Amino acid sequence: MKTLYRASIRKLLLLAVVAVAASGVAHGQEGTRPMETVYEKAEQMLSWNLNDKIYTRSVSPNWIDDHRFWYRVDTRQGTEYRVVDASEQTKTAAFDHQKLAAEIAEISEMDIDPMDLKLSELTFDESFQSISFHFNERTWRCSLQTYSCTTAPADQHSISNAVVSPDETWAAYRKDHNIWVRNLDTGEELQLTDDGEKYYGYGTNNHGWWRSERPIVTWSPDSKRIATFRQDDRGVGKMALWETKVGRPDVDIWPYALPGDTVVPMLERVVLDLETNQNIPLEVEPDHHRSSNCCGLVRNGQWTDTEWSADGEKLAFVSTSRDYKEVKLRIADAETGEVAEIFQDRDEIFFESNLKSRGFPNWRVLHESNEFIWFNRSDNWGHLYLHDLATGEMKNRITTGDWNVVDIVSVDEQNRVIYFTAVGVDTDRDPYHEYLYRVNFDGTGMELLSPGNAHHSVSLSPDRSYIVDTFSDFQTPRTTVLRNVNGEELMTIESSDIEELMATGWQKPVPFSTKARDGETDIYGIMLLPSDFDSTKTYPIINAIYPGPQGGSVGSRHFSASRRGQAQALAELGFVVVSIDAMGSSPIRSREFHTAYAGNMIDNGLPDQIAAMRQLADRYSFIDLDRVGIYGHSGGGFATAAALTQYPEFFKVGVAGAGNHDNRNYTYYWGEKYQGLLEEKDGSDNYAPSAVQLQAENLQGKLMLSYGSMDTNVHPGMTLLLVDELIRHNKDFELVVFPNRGHGYANEPYNIRRTWDFFVEHLAGKTPPKVYQISR
C-alpha cells in the first residue's frame, strides 16, 4: 500500500516539474536576467508580499451556541464577518458592515472603512439581537436591529498579563512575586499569597529559555479556585545578556538551568481558594519543571498537565521526572491538599503524551465513571488506553495499529465516545496528513469523519453535532466545509481564491518521497523551484533545515504561500530548495522514527538529508550535487554548522542563524530530554561529541554565522564558542550580529538579503546586486 502512495508521489512530482518548466517558458526567459531584476522577483515571493494575495484563506469558527458560529475572512472586497447556521445550512453576513461602520464613525469621529473593521473580542447575545466588541480602547454594544451603539471605557478594571477566570469575573496576576486577583466588575483586589519572594515566587513564568509576566495558573471551572505553584529558583545558575546603548549597557540576569546543574527549578504545587483566601499546599514532593510533552508548562494560556473536575473539588495532574522518562498521574483534594497517586508510566528513552509541539497532553480523567484515558507509545505508536481510576489498571485498549493518535479533540462521557485526530491510518495516504475519527471507549466502532485525501483541521460544535473541516495539501488550496456528526458534507463554507497568487508566477511546492539512510524508511519532503525554471539547465540545491526533534523542516501540510526560511523567495534566485523531514525530526511518525538519534543530537538527521538529495539528483538531471547549500535558524542553525563541519565534502555553503551549537549551554529543558542527562566520564561528557565547535577544524566550505545579542532562548555564547574555535583553526567565515535582537530576527530584511547574497556569490557563483534593499 505504501508503494502505491510513493508511486503517486513520484507521478505528481514529474507532472509538477513539467508544469513549472512550462511556466518558466510562458513567463519568458530572455537570456540571463540582471541580478537586480532577479532580486526584485525574489522579493515578490516573500511571505508578507504573498499572504494578502490569497482570499478566503481560512475559517476559524467562534461558536455562538451549538449550531451557530461566526468567523472573519479576507475577501477581494476586504474583511468580512460572517455567520453560519449549521442547522439551517446557511451563511450570512454577521451584521450590516456599512451601517455598523457609519455608527462607529459618528461616535468615534474617525474615518471607518466598512470593509476593514478591526473588531476584537466580538460576541453575540443569546437572542442574536446585539453584539459587543472592543474597538479603539472602548467596549461597544450595538443593536443589530437599529445599529445604535453605546460605548464605555474598555475593561476599566482590566490588568495586563492576567489570566481571566471562566466566568470572566476575576483576573489572576502576579505582583511582588505573589498571586493576586482583581474583580473585573468592581475593581476589588484580593491578595491570595503573601510569602512570595525573588526567585521563590508564585506562578512564576520562567522557563529559562522563555519568560513572561503572565502567571502560570489553571482556574477551576467554577472560578472559585486556582491551581498554581511556588517556583524555587534559589541557587539556580544565572544567564546574562547586555543591551547595547549609548553609555553603559543594561544587563539582564535571570535563572537559566543548564544540563547537569545540581540545582534546578522546582515546583511546589498549591491550590488557592478565593472564597476562604486560603493557600493550600498539595501534599506531594516538589516537581521538576517539566511537562509530559514538548515544550513548556503553558498551553492556551493555562498550566498544562493539570485538569480540574467539573465541580472544582478534585485536581488531577501529571508529574514528569527530570529525565522525562517517568510520569505519574495524581489526584489532589482541593480542600485538604491530600494527594493520591493513581498511575505511573515509563518510557526508557523519553515519554510523550502528545505528538505535537505544545499540543495538549492526551490524558483525561473521567470522574463520573471513575476512569481515565491514557496515551503512550509503548508499542512504537501513540495510542489511547482506558484505565480504572481506583486501581490504575488498564481496562482495555481504545485504539491500535501502526499509526498515531495526534489529539484528543473531545470526549463524550455520556455516550462513551472519543473524537480524535490521527495520522497514518490509511497507508495509501501521506503519513503526515491528519484526519478526524471517533471511537467508542471499548475500542469498537472507529469511524473516519473527515474524508478526502488531504490534511484536515477541524472544529467541533459544543454539542458535537457539527464539524467544521478545513482541508488542503501542498498543491491544493484550502476548502472549508460543514459536516454532520457522521462526517457527511452539508455545505461548503469557503474555498480559497489563489488567482492573484498564481498571477505573480508563484510555483506550488512539489512533494516527494525518498528512502532514508537505511535504504528502507520512507521520508518525505517538498521541492521549490524558481518561476523561470528550465529543466534543461542545472541548478544548485539548497536544504532548508529544521531538525526537530519536536517538528521537522517541512512544517504544516496545509496549502501555504510561504514556507520555513522564506524558501520560495530563495528558490527564485535560481536555486532548487528542498525541505525534508528526516528520521528523528517528527513525533508524528513512529517512536522508533522519532528517537532515531536520541542522545546524539549532532546527527540532526543529516545522513537522511544527504541520502534524499542524492536520490533526487539521480531522478532529476537539473540538480547539481557539486553545488549544495544548507541553511536554518535555531535548531536549523545548529544543523547547518554541523553539516559543514561533519560533511564538508557534500555541503559547500551554509548560513547558520542563532544555533544551539553546544547544548551544554542551552536550556536543560530541551537538552536533558533529547540528549539525555549530562554524564561526565574520563574528563569529558556525553554532550561533547555533539558540540559543533569541537568539529571546527573540519570546515572547508563557506559558512556565515549570525546571532541576536539579546537572545534569551539560544544564548549568543554558543555561536561565540564556535567562532572562537574557527579562529583558533584559522578558518575563514562570516559573522553577522544583530544588536539588541532576540531569537526571532530570521525574517528581518537585512538577514534575508545577507543570506541571499551569500548563496548567490558562493553557491551560484554570481555577483549579487550592491546593498539591495528589501522592503517590509
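In this predicted model, P549 sits in the loop that runs between β43 and α6 (567-571). The peptide bond leading into this proline, from G548 to P549, is cis, with omega near 10 degrees. Most peptide bonds are trans, and that makes a second site worth a visit as well. The bond from C294 to C295 is also cis, with omega near 0 degrees, and C295 is found in the loop between β22 (287-288) and β23 (298-299).

Stay with that cysteine pair for a moment. C294 and C295 form a disulfide, with their sulfur atoms 1.4 Å apart. C294 has a relative accessible area of 6%, so it is buried, and C295 counts as buried too because its relative accessibility is 11%, where the cut-off is under 20%.

How many disulfides does the count come to? It comes to two. The other joins C142 to C149, with an S to S distance of 2.1 Å. The torsion about its S-S bond is about 115 degrees, and therefore the disulfide of C142 and C149 is right-handed. Both C142 and C149 are buried. With bonded cysteines counted along the chain, the disulfides follow the pattern 1-2, 3-4.

Let us go back to β43, the strand before the P549 loop. Which sheet does β43 belong to? It is part of an open sheet of eight strands, ordered β41-β42-β44-β43-β45-β46-β49-β50, with mixed pairing. At the edges are β41 (510-515) and β50 (734-738), each of which pairs on one side only. On average, neighbouring strands of this sheet are turned by 20 degrees against each other, direction ignored. Strands of a sheet pair through backbone hydrogen bonds, either parallel or antiparallel. At the β50 edge, strand β49 (residues 702-708) pairs with β50 in the parallel sense over five bridges, and M704 stands opposite E734 in β50.

Helix α8 (residues 606-619) packs on this sheet, where it touches β41, β42 (522-528), β43 (539-544), β44 (576-581) and β45 (623-633). The direction of α8 makes about 110 degrees with that of β41. This helix has 14 residues and reaches 20 Å from its first C-alpha to its last, close to the 20 Å expected at 1.5 Å a residue. Its buried residues are L606, D608, Q609, I610, A611, A612, M613, L616 and A617. They pack against β41, β42, β43, β44, β45 and also α9 (635-646). A further helix, α11 (residues 717-728), lies across β49 and β50 and runs at about 145 degrees to β49.

Now for two hairpins elsewhere in the chain. Strand β33 (residues 404-412) is largely enclosed by the rest of the structure, because eight of its nine residues are buried. It pairs with strand β34 (residues 417-423) in the antiparallel sense over seven bridges, and D412 stands opposite V417 in β34. Four residues lie between β33 and β34 in this hairpin, and R416 in the turn has a positive phi of about 55 degrees.

The other hairpin is made by β18 and β19, with six residues between them. In its turn, G247 has a positive phi of about 90 degrees. Strand β18 (residues 238-243) and strand β19 (residues 250-255) pair in the antiparallel sense over six bridges, and E243 stands opposite D250 in β19.

Most residues other than glycine have a negative phi, which gives two more loop residues some interest. T56 has a phi near 45 degrees, a positive value in a residue other than glycine. You will find T56 in the loop between α3 (47-50) and β1 (62-63). Is T56 buried or exposed? With a relative accessible area of 11%, T56 is buried. N136 is not a glycine either, yet has a positive phi of about 55 degrees. It lies in the loop between β6 (130-135) and β7 (138-143). At 44% relative accessibility, N136 counts as partly exposed.

A last stop is V365, in strand β29 (residues 364-366). V365 counts as buried because its relative accessibility is 7%. Leaving out residues up to four places away in sequence, V365 touches E307, A316, L329, I331, E371, F372 and L389. V365 and S309 are 56 residues apart in sequence, and their C-alpha atoms are 8.0 Å apart in space.

Terms used: Residues numbered from 1 in each chain as written. Predicted model: local features only at pLDDT ≥ 70, side-chain atom pairs only at ≥ 80, totals over all residues. Heavy atoms only, no water. Pairing = 2+ DSSP bridges. Helix = DSSP H or I, 4+ residues; strand = E, 2+ residues; numbered from the N terminus. Disulfide = S-S within 2.5 Å. Buried < 20%, exposed > 50% of the residue type's maximum accessible area, 1.4 Å probe, protein only. Axes fitted to C-alpha atoms, helices over the stretch in contact; angles between N-to-C directions. Contact = heavy atoms within 4.5 Å. Expected span 1.5 Å × (residues − 1).
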